Amino acid sequence: MLCTRLTNARFVTMDPDHPVARELGVWRGRIVGLDDAVTSLPVREVIDLQGATVLPGFIDAHVHLAWTGFKENTVSVAGRTRIEDVLAVVEETVTRKGEPAAWVSVAGYDQRALGRHLTAAELDRVSHGHRVFLLHESGHGCLVNSAVLALLPAGIPHDNGFLVEGAMGAARALRLPYSQQELAGAIGRAARTCLAEGVTACAEAGIGSALFGHSPVELGAYQLAQEQGQLPLRVQLMVSADRLRPVAAHDSDGIPRALDLGLRTGFGDDRLSLGALKIYTDGGMMARTAALTDPYEGLDHAGQLQDDPDALADTIVDGHRAGWQLAVHAIGDRAADLALDALERAQRHWPRPRARHRIEHAGLIRPDQLPRFARLGVSAVVQPNFLRRFGDDYAAIMGEGRAPWLYRGRAFLDHGIPLVGSSDRPVADGSPLRAVQFMVERASESGQVIGPDEGVTVDEALRAYTVAGARACHWEDDLGSLTPGKYADLVVLGDDPRRVDPSRIGDIEVAATYVGGSEAGGRTP
């Protein structure tokens, strides 16, 4: 007997063997069959979807769940365009902190909206003896006051209180990490936000790191969230390479560094699992720290790498050799050169043709780099909503010659490079449907078209968030299409993205989300 039969819908399966269906049967969380294969079978419950369009659940291949959850509960200065208004928010937040010399965190800091960076001295005027930490919207920098600067080790570089990349990590290290229970709550809040946008599975992009991690035992917090019922979607965890520790093993094992992170008995199932090794090579475009070959337009620098180039390359090679799938953060084209060079060296000496290594972001990719992506079989995990939200700024800092290379779409596909959709939530909007709309239109929120030749079809954009996302996470046997045998993860939409005008795709209603045949937040068939 079927657990559930979903009927009276247009199932867009993303499976070329059965591209469209009207009925779908579920048994014990998996799809049993479509249409005639399930119509006459006995069933416990029939759900009439009243003509809705149903797609495979969206897969967001690059998110930060804990950060998203904490940001939702943190005072923010996002959207403020006057320095006085930012300082007023900080002072009001400080005033609510009763204990002396307490840490005060504020989110949403972005110098671009203000016209310049604030300074530590300006923060001091409203700090009233507290330690103030303003996280940059990109996550790649922070602004702190003098009370924090005084605690930093000697030699930590900053620009009047603004710290980037590793220097920001030093400031974060001054504070006690979040508890596992606090982390579990934040993860749960973010997961529910993902579900509301049709995301049924995601890859958490780097736990435990100095940059984006929240605890040295962060993996255990995901286990706790799952045990407490706060993890209602599927999550694959990337481990930050800086959490690996030297181990005394045989050289022939090829594992010079290994993992801790609070891993314990019971880890690993279809809801929570370990994925790629995350390696940061550069920073971000919002903070002007993405590593470029040529300087930013109007600036006298070209960003920065996270470490010595040889050390970064050795980490990539060691990770490949040890058997990890690699997710290499490379936004600028210089960082992509480093990543591609190291991956090529690794594959030449220790071939692993099925490793499915990934370049996370691939924000600025030159034409000459595209054949190298293809030859190495590397996926490009892009964030289309970056350009939708920040495209005017990114185009300006790249200049007319480089702007068409930003967050490519068509060029990747034309070269046979897997194009994978993601959000980098909470840095950018997490909605897959709004990202799909941008991938087709290539238009920023202001209407500026950026790299029009990089536009893709609606079907290709949907594949990036379903089939390609599943493959990038080694989930293709279980997720990514509405195929018999796979999990019944699906999203019910108020309209068909392939049939409406592209300008309307981002506004399509997400009516319901199912994970394993169960409606999220609702009944369990």
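Strand β8 is mostly covered, with five of its six residues buried. The model described here is predicted. β8 spans residues 131–136. It belongs to an open sheet of four strands, ordered β7-β8-β9-β10, with mixed pairing. The edges are formed by β7 (103–109) and β10 (162–164), each of which pairs on one side only. From one strand to the next, the twist averages 25 degrees.

The two neighbours of β8 in this order are β7 and β9. β7 pairs with β8 in the parallel sense, over five bridges. Within this pairing, Tyr109 has His136 of β8 as its bridge partner. On the other side, β8 and β9 (residues 141–144) run antiparallel and are joined by three bridges. Leu134 faces Leu143 in β9. Leu135 stands opposite Cys142, also in β9. The two strands form a hairpin, and four residues lie between them. In the turn, Gly139 has a positive phi of about 85 degrees.

A second site of interest is Glu218, in helix α9 (residues 218–227). Glu218 is buried but has no salt bridge. Arg172 carries the nearest side chain of opposite charge, 7.3 Å away. A salt bridge would require a nitrogen–oxygen distance within 4 Å, so Arg172 does not provide one. The Glu218 side chain instead reaches the backbone nitrogen of His214, at 3.0 Å. Leaving aside residues up to four places away in sequence, Glu218 touches Ala66, Leu183, Ile207, Gly208, Gly213 and Leu261.

Key: Residues numbered from 1 in each chain as written. Predicted model: local features only at pLDDT ≥ 70, side-chain atom pairs only at ≥ 80, totals over all residues. Heavy atoms only, no water. Pairing = 2+ DSSP bridges. Axes fitted to C-alpha atoms, helices over the stretch in contact; angles between N-to-C directions. Buried < 20%, exposed > 50% of the residue type's maximum accessible area, 1.4 Å probe, protein only. Lys, Arg positive; Asp, Glu negative; His and termini not counted. Polar contact = N/O pair within 3.5 Å; in protein donor to acceptor, adjacent residues only side chain to side chain. Contact = heavy atoms within 4.5 Å.
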